[in-house]
Every structure is written in C-alpha cells, then in structure tokens.
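Visitor: I'd like a close look at one part of this protein, please. Could you take me through the salt bridges and then show me what lies around them?

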Amino acid sequence: MVVLQYIVHLANYSDGVLYVLALVMMLEIAVIIDRLWFLRRGLRKGKEVIQDISRRGKMQRDDLKEIVDRCAGLPEARLVEVAQRYFGLIHHYGSARGEAFANRLDETIFLITPTLDKRLWLLDTIVTLAPLLGLFGTIIGMFHAFSILALPGHAPTSVTAGVADALIATATGLFIAMVGLISFNAFNNAIEKIVYQLESLKILLLNRMDGAPVWPETGSVTQAQAQEGRPADGRVMI
C-alpha cells in the first residue's frame, strides 16, 4: 500500500507524465511479446523445413502440401505454396518455365519481407520518445521542487527530496528506451536470419523441383569406385 501511494505521488509530481510512460511501456511489452513469439517460431520452423527438404530427393506435390500444412501461418508456407502452385507447369514446360518459377519465388520473398518487421516501427519510436517524455517529467518535477523555495520556512531537505523524485521520470524513460533498443536490434537480427532462410529455401525448392533426378537416388557409390573415378554402374569416368 505504501509503495502504491509513493508511485501515485511520483506520477502526480510529474503532472501525469509517469502515467504516460506506463502506457508506453505496456505498448512496448505487447509489441515485444508479439514479435518474439512470431519471429522465434519462424526461425525454429524455418530451420526444421530447410533441414527436412535438404534430406529429401526429388520433391513431389504431396511433399509440398505436407510442408505447407506443417508451416501454416509462417513465411515459409507462402513460399512453398508458390512451389506447389507451379509444380505442374515446371514439369510440363521444363527449364524455361523454371526460370519464371525462380522469379516468382523472388517476388514472393520481396512481398514477405516487409511483413516481418510489422509493428517494429513502434519500438523504434518508443526508443526515441521515452527518454524525451522522462526528461519532460523531470523538468516538471523540478518546477515543483524549486517552488518550495518560495514558501516561508522551507526545509532544504524538501528541495533535495523533490529533485530526487523528479529524476525518477528520467530514469523510467531511459529504462524503457534501453529495453526497446535491445529488443529492436534483436528482432532486426532475427529478421535478417529469416530472410536468409527464405533465400536458402528458394534454392532448395529449385534444386528439388527442376525435374532432374537427385544424385543420391541414382544409386550409391562405393569409396573404391570414387577413388578410381568410376560411377556406380561400373563405367570409367573420362
């Protein structure tokens, strides 16, 4: 109860600026939780999809549908959906159509990327705004603290206590800005990794859907054959 009364006193001492800072901090926490859940899930699932596809041979339509269902709601799902949509065209038209397919994948990545940093502009704004609000609250508190000097019989300790209370607003604003800055940089780093995963997934899809057989599916090559320069069918490589 005493702590709550002191917080209310500090907020009133800054003429309500601390209440505004509290709202700003709640908004910051909401954005952090939202982006942390989305980007962390995207990184984890994206890594799993890349590892899964890299272990597969030639991709079929059912394989693509399975991956789309597993990654529903994630950026990787939209990219694989494009591959699933163009599956028949690639195998019908061959490599010429495959080049157009690669362009479609690039277009999809370009459209996905802006959605990854959704609401991060709020964190960027809070990093700049919170210290200014805190400084504004401190200046208002200073006015209240030094106004005591105009009262007859004032105690010096009243002024110093008021200054200390006024500085709480600046400290609060700086704390909110530091949390926002750390989160903003961490999320930007995660976005760069997700974009890299999308580029890797694009290459994997192109290599698994070009219609050519994947080398491991043609048969295993023994170590002795590899050293002699002979493939698995016994012919000598020239």
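Guide: Happy to; here is a walk through the charged pairs, followed by some buried positions and a patch on the surface. Please keep in mind that this is a predicted model.

Let's begin with the overall tally. Searching the whole structure turns up 8 salt bridges. As general background, side chains of opposite charge can pair when their charged atoms come close.

A good place to start is the pair R119 and D34, whose side chains meet in a salt bridge with an N to O distance of 2.8 Å. This pair links distant parts of the chain, since its two residues are 85 residues apart. R119 sits in the loop between helix 6 (95-116) and helix 7 (120-147), while D34 belongs to helix 2 (residues 17-55). R119 has a relative accessible area of 32%, so it counts as partly exposed. D34 is also partly exposed, because its relative accessibility is 28%. The pairing does not stand alone: D34, R35 and R119 are linked in a network of salt bridges.

Now move to helix 3 (residues 61-70), where D69 and K65 are 4 residues apart, so about one helical turn separates them. D69 and K65 form a salt bridge, with their closest N and O atoms 3.2 Å apart. With a relative accessible area of 49%, D69 is partly exposed; the limit for calling a residue exposed is over 50%. K65 is partly exposed as well, at 43% relative accessibility.

Helix 3 also holds E66 and R70, again 4 residues apart and therefore separated by about one helical turn. Their salt bridge has its closest N and O atoms 3.6 Å apart. E66 is partly exposed at 38% relative accessibility, and R70 is partly exposed at 29%.

From K65 we can step across to V80. The two are 15 residues apart in sequence, and their C-alpha atoms are 8.2 Å apart in space. V80 is found in helix 4, which covers residues 75-85. Its relative accessibility is 1%, so V80 counts as buried; the cut-off for that label is under 20%. Which residues does V80 touch, once its neighbours within four places in sequence are set aside? They are L64, I67, V68, L201 and L205.

Another buried position is S183, in helix 8, which runs over residues 156-208. S183 counts as buried because its relative accessible area is 12%. Leaving out neighbours within four places in sequence, S183 is in contact with I32 and L123.

To finish, let's turn to the surface. L135, I139 and F143 make a nonpolar surface patch of about 320 Å². F143 has its place in helix 7. At 61% relative accessibility, F143 counts as exposed, whereas V80 counts as buried at 1%.

If you want to retrace the route on your screen, start with R119 and D34, which join distant parts of the chain. Then pick out the two pairs in helix 3, namely D69 with K65 and E66 with R70. After that, look at V80 in helix 4 and S183 in helix 8, and end at the patch made by L135, I139 and F143.

Notes
Residues numbered from 1 in each chain as written. Predicted model: local features only at pLDDT ≥ 70, side-chain atom pairs only at ≥ 80, totals over all residues. Heavy atoms only, no water. Buried < 20%, exposed > 50% of the residue type's maximum accessible area, 1.4 Å probe, protein only. Contact = heavy atoms within 4.5 Å. Salt bridge = Lys/Arg side-chain N within 4 Å of Asp/Glu carboxyl O. Patch = residues over 30% accessible without salt bridge, like charges linked within 9 Å, V, L, I, M, F, W, Y side chains within 5 Å. Areas by Shrake-Rupley, 256 points an atom, 1.4 Å probe, with all protein chains shown as cover.
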